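Good morning, and thank you for making room for this short presentation. I would ask you to keep the sequence and the three-dimensional view open while I speak.

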Amino acid sequence: MPPLLKLDDVYAQYITRYGTVYAVNGVSLEIGEGEILGIVGESGCGKSTLARVMMMNVKPPLHLVRGRVLLQGVELNRLPRDRLKREVWGKQVSLVPQSVMNALNPTMRVRDIIRDFVKVHNPELDDDEVYSMARDRFEELGLDIRALDLYPFELSGGMRQRVAIAIATLLNPKLLIADEPTSALDVSTQKVVLKLLKRLWNEGIVKSIVFITHDIAVVRQIATRIAVMYAGKIVEVGPLEEVIFKPLHPYTELLISSILTPEPEVKKRGLVEIRGAPPDLRTPPRGCPFAERCPYATDRCRREEPRPVVIGSRLIYCHLRGGGAA
Ligand SMILES: Nc1ncnc2c1ncn2[C@@H]1O[C@H](COP(=O)(O)OP(=O)(O)OP(=O)(O)O)[C@@H](O)[C@H]1O
Ligand SMILES: [Mg+2]
């Protein structure tokens, strides 16, 4: 069975008159049916861009300059935008974007936002049918149906996020991509949002989830597998517990040691601050992208880009682990 989604050597760039931003640089990744993949990395490392690429919602200034995006074997990168809109987005893959407030039209009540969303795919449904579908789903997910009659700004942050997730999954897409769904929320509201995502997954409303965050402590509560991103590249991918308890890439190690609310097991290893900042993606470095900040970097790291190394069920891009020249 092919993976649900497969990225094959993907390069995506923002090409502007001020220059080119190399936001995604050679990412290959598979998302299997039934998994929750957490994507973590510092701000500006290309996570949201990767989310757009995953559903091929790529429009200028963003360009897919190389690689393929396959959804159950179908090359999304070959489909025109109107077909993606009609046949793929919302129905097969849905994205809850990073700024939910922008995603929900502030001048429309939730029920009208839902009506417009559903009718793109099911123009034959009348308004009452759409509303009853929305009511059923809200009830199924434990959301207050009174929210349907409100405007987005009348909802609390957590409720707004949950409503956005409920709308995005109304048509039972196989894959849900949630971009920083908990970042603006306090810890107890974060838990409510995580619970909703798990419920969608447990009940099979969605088959797989991509959960994007800069917060390892949050991803730990939901993901089954984790991909660590740095400077537009994936540096390590593997099963959640393995990556958290035995990180193999120096960046993963530092990222885990630097989290603000470490788990007791991690705390024992001590808190470290990652010095420096990620590279400017207008001029990405040669060699390993992390070399400049890596405590173990050698000349080779600065010169040669590491190739992926398979260790058990993990993939690591690091010369220390034996990654040869690309
Ligand atoms: N519309 C745009 N035009 C030009 N550059 C952009 C645009 N959007 C993002 N970028 C740049 O692309 C790079 C990757 O950004 P992206 O938003 O994907 O990162 P991110 O990991 O999601 O960050 P954050 O954690 O802050 O959300 C950054 O250098 C960013 O400045
Ligand atoms: Mg982002």
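I shall go from the whole chain to its sheets, its core, the ligand shell and a few particular residues.

Please bear in mind from the start that this is a predicted model.

Let us begin with the chain as a whole. It contains 12 helices and 12 strands. Its radius of gyration is 20 Å, close to the 20 Å that the globule rule gives for 326 residues, so the chain is as compact as a globular protein of that length. The C-alpha trace spans about 65 × 45 × 40 Å along its principal axes. Of the 326 residues, 42% count as buried. If we take the contacts between residues at least 6 apart in sequence, 63% of them join residues at least 24 apart.

I turn now to the sheets. As a reminder, strands of a sheet pair through backbone hydrogen bonds, either parallel or antiparallel. Both kinds of pairing appear in what I shall describe, beginning with the antiparallel one.

In which order do the 4 strands of the open sheet stand? The order is 2-1-4-5, and the pairing is antiparallel. Strand 2, residues 19–31, and strand 5, residues 74–75, are at the edges; each has a single partner strand, so one side of each is left without a neighbour in the sheet. Further in, strand 1, residues 5–16, is joined to strand 4, residues 62–71, by 8 bridges. To find this pairing on your screen, look for Gln13, which stands opposite His63 in strand 4.

Strand 3, residues 36–40, offers the parallel case. It is joined to strand 8, residues 208–213, by 5 bridges, and the two strands run parallel. Here Ile36 stands opposite Ile209. Strand 3 also pairs in the parallel sense with strand 9, residues 225–230, over 4 bridges. In that pairing, Val228 is the bridge partner of Val40.

Are the residues of strand 3 buried or exposed? The count is 5 of 5 buried. In a regular strand the side chains alternate between the two faces of the sheet. In strand 3 both faces are covered: Ile36, Gly38 and Val40 are buried on one side, and Leu37 and Ile39 on the other.

A helix with a similar theme is helix 10, residues 250–257, where 6 of the 8 residues are buried. Among them are Tyr251, Leu255 and Ile256, and also Glu253.

This brings me to the core. In soluble globular proteins, nonpolar side chains tend to be buried together. The largest nonpolar core in this model has 91 residues, and those with the most contacts inside it are Met54, Ile177, Val210 and Val228. Strand 2 gives the most to this core, with 7 residues. We have already met Val228 as the partner of Val40. Let us also look at Met54: leaving aside residues up to four places away in sequence, Met54 touches Leu5, Leu7, Val69, Ile177 and Val210.

Next, the ligand. Which residues are the closest to ligand 1? They are Tyr14, Ser43, Lys47, Ser48 and Thr49, out of 16 residues that surround the ligand. Strand 1, strand 2 and helix 1, residues 47–54, each give two or more residues to this shell. Helix 1 gives the most, with 3 residues. By type, the shell divides into 6 nonpolar, 9 polar and 1 charged.

Finally, some points of backbone geometry. Most residues other than glycine have a negative phi, and most peptide bonds are trans. Three places in this model depart from that pattern, and I shall take them in order along the chain.

Pro60 and Pro61 are joined by a cis peptide bond, with omega about 10°. Pro61 lies in the loop between helix 1 and strand 4.

Gln72 has a phi near 45°, a positive value. This residue lies in the loop between strand 4 and strand 5. Gln72 counts as partly exposed because it has 14 C-beta neighbours inside 10 Å.

Glu180 also has a positive phi, near 50°. It lies in the loop between strand 7, residues 175–179, and helix 7, residues 187–202. Why does Glu180 count as buried? It does so because 23 C-beta neighbours are inside 10 Å, and 20 or more are needed for a residue to be called buried.

That concludes my presentation, and I thank you for your attention.

Note on methods: Residues are numbered from 1 along each chain as its sequence is written. Chains are lettered from A and ligands numbered from 1 in the order in which they are written. This is a predicted model: local features need pLDDT of at least 70, side-chain atom pairs count only at pLDDT 80 or more; totals for chains, interfaces and linings use all residues. Two strands pair if DSSP finds at least two bridges between them. A residue is buried if 20 or more other C-beta atoms lie within 10 Å of its own, exposed if 12 or fewer, and partly exposed in between; C-beta atoms are placed from the backbone. A residue is near a molecule or strand if its C-beta atom, placed from the backbone, lies within 6 Å of it. Ala, Val, Leu, Ile, Met, Phe, Trp, Tyr, Cys and Pro count as nonpolar, Asp, Glu, Lys and Arg as charged, and the others, Gly among them, as polar. A nonpolar core is a set of buried Ala, Val, Leu, Ile, Met, Phe, Trp, Tyr and Cys residues joined through C-beta atoms within 7 Å. Two residues are in contact if their C-beta atoms, placed from the backbone, lie within 7 Å. The radius of gyration is taken over C-alpha atoms; the globule rule is 2.2 Å times the number of residues to the power 0.38.
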